[in-house]
Amino acid sequence: MKHEISGTDLVIIPDDPLAAATVKSLHEQMAQYFTDPGKFQKLVVDLSGVKVVDSLGVNLLVGLYKECRKHGKTYQVTHCSPPIRRLFDLYKLTGYFGVE
């Protein structure tokens, strides 16, 4: 997983499926960003490299959203494939995630 700072945004770019086999590792990697949350104001999750999101992946993204809210950060999910966008629509998460 890559990440970059763009102004006050922290952009994380997972390149593995957000699925049962990878979620634990991704969660541990993403948790490190909140050890010093003063480094960013907005967390952007760029899903351009993600082809699969299962229910555990959705749970991971919801957890990131909650962490952002807890720390007063904004949250956005970008570059979703059409099937992933439909999944977010199905779960009624599009508005929460600020999906682009």
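A nonpolar core is a set of buried Ala, Val, Leu, Ile, Met, Phe, Trp, Tyr and Cys residues joined through side-chain atoms within 4.5 Å. With that term in hand, here are the legends for a set of close-up views of this predicted model.

**View 1. The whole chain, with four helices and four strands.** Before zooming in, it helps to follow the order of the elements: along the sequence they run β-β-α-β-α-β-α-α. The C-alpha atoms fill a box of roughly 35 × 25 × 20 Å along the principal axes. The radius of gyration is 12 Å, and since a compact globule of 100 residues would have a value near 13 Å, the two agree. Of the contacts with a separation of 6 or more, 67% join residues 24 or more positions apart.

**View 2. The surface of the protein and its charges.** The accessible surface comes to about 5,700 Å², and carbon and sulfur atoms account for 53% of that area. Buried residues make up 43% of the 100 residues. There are 12 positive and 11 negative side chains, and the centres of these two sets lie 6 Å apart.

**View 3. The largest nonpolar core, with 30 residues.** Which of the core residues touch the most other members? They are Leu43, Leu47, Tyr75, Phe88 and Phe97. At least two core residues come from each of strand E2 (9-13), helix H1 (20-31), strand E3 (42-46), helix H2 (55-70), strand E4 and helix H3 (82-90). Helix H2 gives the largest share of this core, with seven residues. As general background, nonpolar side chains in soluble globular proteins tend to be buried together.

**View 4. Leu47 and its contacts.** Leu47 is one of the core residues that touch the most other members. Setting aside neighbours within four places in sequence, Leu47 is in contact with Pro14 and Leu18, with Leu61, with Val77, Thr78, His79 and Cys80, and with Ile84 and Phe88. One of these partners, His79, sits in the loop between E4 and H3. The phi angle of His79 is near 55 degrees, which is positive although the residue is not glycine. For comparison, most residues other than glycine have a negative phi.

**View 5. Gln76 in strand E4 (residues 74-78).** Is Gln76 buried or exposed? Its relative accessibility is 12%, so Gln76 counts as buried, the cut-off being under 20%. Beyond residues up to four places away in sequence, Gln76 touches Lys42, Leu43, Val44 and Val45, together with Phe97, Gly98 and Glu100. Two of these partners, Leu43 and Phe97, are also among the core residues that touch the most other members.

**View 6. Val53 in the loop between E3 and H2.** Val53 is buried because its relative accessibility is 13%. Not counting residues up to four places away in sequence, Val53 touches Leu18, Val58, Ile84 and Leu87. Take the pair Val53 and Leu87: they are 34 residues apart in sequence, yet their C-alpha atoms are 8.4 Å apart in space.

**View 7. Val58 in helix H2.** A relative accessible area of 7% is why Val58 counts as buried. Apart from residues up to four places away in sequence, Val58 touches Val53, Leu87, Phe88, Tyr91 and Leu93. Val58 and Val11 are 47 residues apart in sequence and 18 Å apart in space, C-alpha to C-alpha.

**View 8. Ile84 in helix H3.** Ile84 has a relative accessibility of 3%, and therefore it counts as buried. Which residues does Ile84 touch, not counting those up to four places away in sequence? They are Leu47, Val50, Lys51, Val52 and Val53. Val50 and Ile84 are 34 residues apart along the chain, with their C-alpha atoms separated by 8.9 Å.

**View 9. Two residues with more accessible area: Lys92, which is exposed, and His27, which is partly exposed.** Lys92 is found in the loop between H3 and helix H4 (94-97). Its relative accessible area is 65%, so Lys92 counts as exposed. Lys92 also has a positive phi, near 60 degrees, in a residue other than glycine. His27 belongs to helix H1. At 48% relative accessibility, His27 is partly exposed. The C-alpha atoms of His27 and Ser81 are separated by 21 Å, and the two residues are 54 apart along the chain.

Technical notes:
Residues numbered from 1 in each chain as written. Predicted model: local features only at pLDDT ≥ 70, side-chain atom pairs only at ≥ 80, totals over all residues. Heavy atoms only, no water. Buried < 20%, exposed > 50% of the residue type's maximum accessible area, 1.4 Å probe, protein only. Contact = heavy atoms within 4.5 Å. Rg over C-alpha atoms; globule rule 2.2 N^0.38 Å. Areas by Shrake-Rupley, 256 points an atom, 1.4 Å probe, with all protein chains shown as cover. Lys, Arg positive; Asp, Glu negative; His and termini not counted. Charge placed at Lys NZ, Arg CZ, Asp CG, Glu CD.
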